[in-house]
Amino acid sequence: MKRYLCSIIIGMVVILSIGTYYVKVASSASSLPKYTFKTLEGSDKELVPVIINATLQKGSNFYEPLTIESNTTTYASERSYLENLTGRQGHEIERLVKEHRSFMRGKGSISSLYEDDDFLAYARVNSEYTKSGNMDAEFDIGLLEKKDEEETSFQIELPNQGRIMNADVRDVQLVHSKLQVLTMNDVNSNNEKQTKEVHLYTIDVANKKVLSDKTLVSETYTDPNQVDFEMPIDVAPSQPNNMVFISVNKGVNHEDGFEEKLKESKLLSYNYESEKLETVKKGSLSLDMARSGYADGKNLYAVEMKSGKYRIKTFDLSSQTLRNDTELDIAANEEEQYTVAFKNGRVYFLLNGMNQEGKSNKPAKLLIADIKTGKTLYKGETVINKKNSKSFQLYFDDLEIK
């Protein structure tokens with residue numbers, strides 16, 4: 001009887017502790033400001049798919065992540081223990097986990113995933129350094145046939161891994177039943193020279209082997225020279241994509257910072273279908289627009305500030321021509337930071353209300369517009385429900401669209 005009594009007491013203590021914790025959490029969250037968007041123009045129904053991840057900060061001692069979704073603020077402390085344990089995940093990852101939980105176990109990088117109507121594929125490079133100082137690296141490959149939920153998974157050595165210091169997967173595609181994995185690699189040159197390369201690995205999933213290792217770009221340099229590779233932000237990273245852009249940025253490191261060599265920098269395009277790597281002609285698409293742009297597999301969108309307004313330039317990736325140049329109905333300010341998202345023919349433009357020092361001095365503004373016409377579908381600004389909210393700083397992390 002004493003044994004059962006002890007178990008009952010322990011159980012009650014645990015329940016009371018959990019209850020006390022959630023009461024304190026709820027009380028703490030209720031004292032924090034709630035942020036919503038006040039509609040200035042258009043329909044607030046446009047806010048339904050908008051997810052804004054942000055962080056609330058007060059001085060140097062208070063830090064609280066939050067999400068504004070469907071125009072409702074939810075703090076991390078208001079979420080369940082399990083939700084906070086897994087951390088903040090993007091909407092696409094959450095959707096894939098919900099739909100294909102078994103296959104998605106341990107897979108958290110959206111740039112390592114590919115999805116179409118029939119397949120869900122995954123490619124990642126796992127690596128570690130041995131005691132001898134060499135890198136031991138392998139591909140972690142997965143393929144799910146959606147129709148019958150049949151999974152194929154295996155690990156295979158990364159080709160020529162003895163010369164590779166680091167390999168970062170940047171794009172995964174399924175072309176003619178073969179997995180195409182694009183990586184950016186740091187190469188061990190064994191001297192003062194440094195080498196960076198862009199590789200395309202073709203993997204036969206059915207026979208579990210690497211068919212080819214193609215070096216698309218290779219640049220070698222010595223300090224203080226520097227070379228960096230960049231790609232436009234992929235707004236649909238797991239969707240089929242026939243073409244990618246790679247900007248090769250060359251420069252010199254000085255005491256005052258990095259000085260770019262514009263005449264030596266270039267923009268390249270690679271077509272998965274034709275297997276052609278081409279240098280993009282100057283004038284059709286500038287280097288700056290490409291590397292700071294947003295791509296969705298068919299178009300590349302570049303943000304330009306002109307005559308006091310923000311403009312969205314839409315370039316057709318296949319023809320590399322300008323299809324559209326749209327002016328947005330929102331005033332431009334060089335000191336304010338912005339975040340952009342593109343989906344379903346719409347541009348979502350969040351003007352953070354912060355200056356370059358990261359301090360908020362005005363309400364954040366959200367504009368949702370038709371990409372082709374520039375017509376405003378929604379315009380709003382943040383409002384706060386607490387009078388003492390001026391002591392808090394709201395920092396926007398990213399903008400997602402369901």
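Start by selecting Y270 and Y272: both are buried, where buried means under 20% relative accessible area, exposed means over 50%, and partly exposed lies in between (1.4 Å probe, protein chains only).

Before you click on, know that this is a predicted model, in which local features need pLDDT of at least 70, side-chain atom pairs count only at pLDDT 80 or more, and totals for chains, interfaces and linings use all residues. Residues are numbered from 1 along each chain as its sequence is written, and side-chain values use heavy atoms, with hydrogens and water left out.

**Stop 1: the rings**

Show the side chains of Phe, Tyr and Trp. Rings (for Trp, the six-membered one) pair if their centres lie within 6.5 Å; planes under 30 degrees apart count as stacked, over 60 as edge-to-face, and the rest as tilted. By that rule there are eight aromatic pairs. Your opening selection is one of them: the ring centres of Y270 and Y272 are 5.6 Å apart and the planes stand at 90°, so this pair is edge-to-face. Now jump to Y338 and F349, with centres 5.1 Å apart and planes at 20°, so they are stacked. This pair links distant parts of the chain, eleven residues apart: Y338 belongs to strand 23 (residues 338–343) and F349 to strand 24 (residues 346–351). Strands here are DSSP runs (E, at least two residues), numbered from the N terminus, as are helices (H or I, at least four residues).

Is F349 buried or exposed? It is buried, with a relative accessible area of 0%. Y338 counts as partly exposed, at 32% relative accessibility. While the rings are on, pick Y294, Y301 and F342 too, which form one aromatic cluster.

**Stop 2: a lysine over two rings**

Select K107, F103 and Y122. A charge sits over a ring if NZ of Lys or CZ of Arg is within 6 Å of the ring centre and within 35 degrees of the ring normal. The charged end of K107 sits over the ring of F103, 4.6 Å from its centre. K107 also lies over the face of Y122, at 5.1 Å from that ring centre.

**Stop 3: strand 17 and its partners**

Switch to cartoon and colour strand 17 (residues 266–271). Five of its six residues are buried, so the strand is largely enclosed by the rest of the structure. Two strands pair if DSSP finds at least two bridges between them. Add strand 15 (residues 243–254): it pairs with strand 17 in the antiparallel sense over six bridges. Then add strand 18 (residues 276–279), which runs antiparallel to strand 17 and is joined to it by four bridges.

Zoom in on L268 in strand 17. Which residue of strand 18 stands opposite L268? That is T279, while I246 also stands opposite L268. Next, follow the chain from strand 17 to strand 18: they make a hairpin with four residues between them, and E275 in the turn has a positive phi of about 60°.

**Stop 4: a sheet of five strands**

Zoom out and select strands 1, 26, 25, 24 and 23. In that order they form an open sheet with antiparallel pairing. Strand 1 (35–42) and strand 23 are at the edges with a single partner strand each, so one side of each has no neighbour in the sheet. On average, neighbouring strands of this sheet are turned by 20° against each other, direction ignored; the axes are lines fitted to C-alpha atoms (for helices over the stretch in contact), and angles run from 0 to 180 degrees between N-to-C directions.

For a closer look, pick strand 1 and strand 26 (residues 376–384), which run antiparallel and are joined by seven bridges. T39 has G380 as its bridge partner in strand 26. Try showing side chains here: in a regular strand they alternate between the two faces of the sheet.

**Stop 5: a sheet of four strands**

Now select strands 9, 10, 11 and 12, another open sheet, in the order 9-10-11-12 with antiparallel pairing. Its edge strands are strand 9 (164–175) and strand 12 (209–221), each pairing on one side only. Inside the sheet, nine bridges join strand 10 (residues 178–187) to strand 11 (residues 194–204). Check N185, which stands opposite E197 in strand 11.

**Last stop: F62**

Finish with F62 in strand 3 (residues 62–69). F62 is partly exposed, with a relative accessible area of 25%. Add F392 and draw a distance: the two C-alpha atoms are separated by 9.2 Å, although the residues are 330 apart along the chain.
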